[in-house]
Amino acid sequence: MSLTAVETSTPASESTLRLVGKAEDAVEDYTGSGYRFAPIEEAQVSRAMIRRYFNTMYERVVSDVVIVGAGSAGLSCAYSLASRRPDLKITIIEANVAPGGGAWLGGQLMTAMVIRKPADNFLRELGVPYEDEGNFVVVKHAALFTSTLLSRVLALPNVVLMNATAVEDLITCTDFEGQQRVAGVVTNWTLVALNHDTQSCMDPATITAPVIVTATGHDGPMGAFSAKRLVSMGFTKELGNMRGLDMNRSEPAIVNGTREVIPGLVMAGMELAEHDGANRMGPTFGGMIGSGIKAAHEVLRILDA
Ligand code: 48N
């Protein structure tokens, strides 16, 4: 095996010249103990991550659309928007390390996911198999829907997902007509956002965009984040507070109610139930899909106005 020095791309004083092999030394041999990887330097791994992450962060401080919350509503919105408008720079901010929100399970930790018609159309668009039960369909495991949706969203070149990142506040401004509007989000890494009372000030960063979609859900450590912030900022008098479970009332109310709640801010999914005081629907997800798609239409209405 010919050995060549691999120099990390740092000044000679810091570089760690190490003798490693070359890519052609990699061997995929499962027959015995002959499997060999191409050589690598630790610095190459760190630099591969750092360069991409911070280049993306730098580039997306001005986005066309920011979507807060990568649950079923936020991801349905992201897919509908990004797949139809490849020209739009869409940045998804998700507080959890794992995106997907509450859509990894059906209900009461059971795995099958119920989706009422006509939201099954979206499953066919994504290529998610299901069992047809007449008025509704069942995806055998919620993770099959959510992982397929997530992979389709992340495969779109104009979408960036910043997970483990929290929206800590909304950016507001006064537009030319003298109207207050939302103009972006204030962000921090979630572990920082959850620890503000353990350190002195750990300031955030910002991402500005002409339209923000907020789909932060109704539960979890930051559920209904923007709805609550609109109240504390005085944009909204009080929270409507989500009502009891009524599947037949809640799903159309949330889909049809998805809208620009204040200039520049479109609200979707279960966060809207908290904002409007709509009923909850429990373990059926067609309303989240429909609300996400409606939010995408709202974004295009605003951007194309
Ligand atoms: O899945 P969720 O919680 O929210 P939705 O609206 O996409 O879907 C709701 C749905 O799962 C239900 O609740 C079902 C239908 N049940 C209804 C019922 O009656 O019980 O996703 C919200 C996402 C989560 O991943 C959060 O981590 C994230 O939003 N999030 C945030 N991300 C960034 N910054 C924040 N401040 C923030 N707050 C929440």
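Helices here are DSSP runs of H or I with at least four residues, numbered from the N terminus. By that reckoning, Tyr-58 sits in helix α1, which covers residues 42–59. Welcome to this structure, which is a predicted model. The protein has 305 residues, and 45% of them count as buried. Its chain forms 9 helices and 16 strands. Here is a short tour, topic by topic.

**The whole protein**

- Along its principal axes, the C-alpha trace spans about 70 × 50 × 40 Å.
- The accessible surface comes to about 15,600 Å², and carbon and sulfur atoms account for 57% of that area.
- Among contacts with a separation of 6 or more, 67% are between residues 24 or more positions apart.

**Strand β3 and its neighbours**

- Strand β3 takes in residues 65–68, with Val-65 and Ile-67 pointing one way and Val-66 and Val-68 pointing the other.
- Whichever way they point, all of these β3 residues are buried.
- Strands β3 and β4 run parallel and are joined by 4 bridges. Within this pairing, Val-65 has Ile-90 of β4 as its bridge partner.
- To get from β3 to β4, the chain passes through helix α2 (residues 72–84), and the resulting β-α-β crossover is right-handed.
- Strand β3 also pairs with β12, again in the parallel sense and over 4 bridges. Here Ile-67 has Val-213 of β12 as its bridge partner.

**Aromatic pairs**

- A search of the whole structure turns up 5 aromatic pairs.
- One of them brings together Tyr-53 and Phe-54, with ring centres 5.1 Å apart and planes at 70°, so this pair is edge-to-face.
- Tyr-53 is partly exposed at a relative accessible area of 30%, and Phe-54 is partly exposed too, at 41%.
- Tyr-79 and Phe-122 also make an edge-to-face pair, because their planes stand at 75°, with the ring centres 5.9 Å apart.
- This second pair links distant parts of the chain: Tyr-79 belongs to helix α2 and Phe-122 to helix α3, 43 residues apart.
- Tyr-79 and Phe-122 are both buried.
- Elsewhere, ring pairs link Tyr-30, Tyr-35 and Phe-37 into a cluster.
- A note for reading these values: a pair of aromatic rings is described by the distance of the centres and the angle of the planes.

**Helices α1 and α9**

- Returning to helix α1, its residue Tyr-58 has a relative accessible area of 70%. Because exposed means over 50%, Tyr-58 counts as exposed.
- From Tyr-58 to Ala-78 is 20 residues in sequence, and their C-alpha atoms are 21 Å apart in space.
- Helix α9 covers residues 286–303, which makes 18 residues.
- At 1.5 Å a residue, α9 should span 26 Å, and the distance between its end C-alpha atoms is 26 Å, which agrees.
- Of the 18 residues of α9, 13 are buried, so this helix is largely enclosed by the rest of the structure.

**Backbone details to look for**

- A cis peptide bond joins Lys-117 and Pro-118, with omega at about 10°.
- Pro-118 lies in the loop between β5 (113–116) and α3 (120–126).
- Leu-109 is not a glycine, yet its phi is positive, at about 65°. Leu-109 is placed in the loop between β4 (90–93) and β5.
- With a relative accessible area of 70%, Leu-109 is exposed.
- Ala-224 likewise has a positive phi without being a glycine, with a value of about 55°.
- The setting of Ala-224 is the loop between β12 (211–214) and α6 (225–232).
- Ala-224 has a relative accessibility of 1%. Since buried means under 20%, Ala-224 counts as buried.

Notes
Residues are numbered from 1 along each chain as its sequence is written. This is a predicted model: local features need pLDDT of at least 70, side-chain atom pairs count only at pLDDT 80 or more; totals for chains, interfaces and linings use all residues. Side-chain values use heavy atoms; hydrogens and water are left out. Helices (H or I, at least four residues) and strands (E, at least two) are DSSP runs, numbered from the N terminus. Buried means under 20% relative accessible area, exposed over 50%, partly exposed in between (1.4 Å probe, protein chains only). Two strands pair if DSSP finds at least two bridges between them. A crossover is right-handed if, with the strands pointing away from the viewer, the path from the first strand over the helix to the second runs clockwise. Rings of Phe, Tyr and Trp (its six-membered ring) pair if their centres lie within 6.5 Å; planes under 30 degrees apart count as stacked, over 60 as edge-to-face and the rest as tilted. Contact means heavy atoms within 4.5 Å. Accessible areas come from the Shrake-Rupley method with a 1.4 Å probe; for residues, only the protein chains shown count as cover. The expected span of a helix is 1.5 Å times one less than its number of residues.
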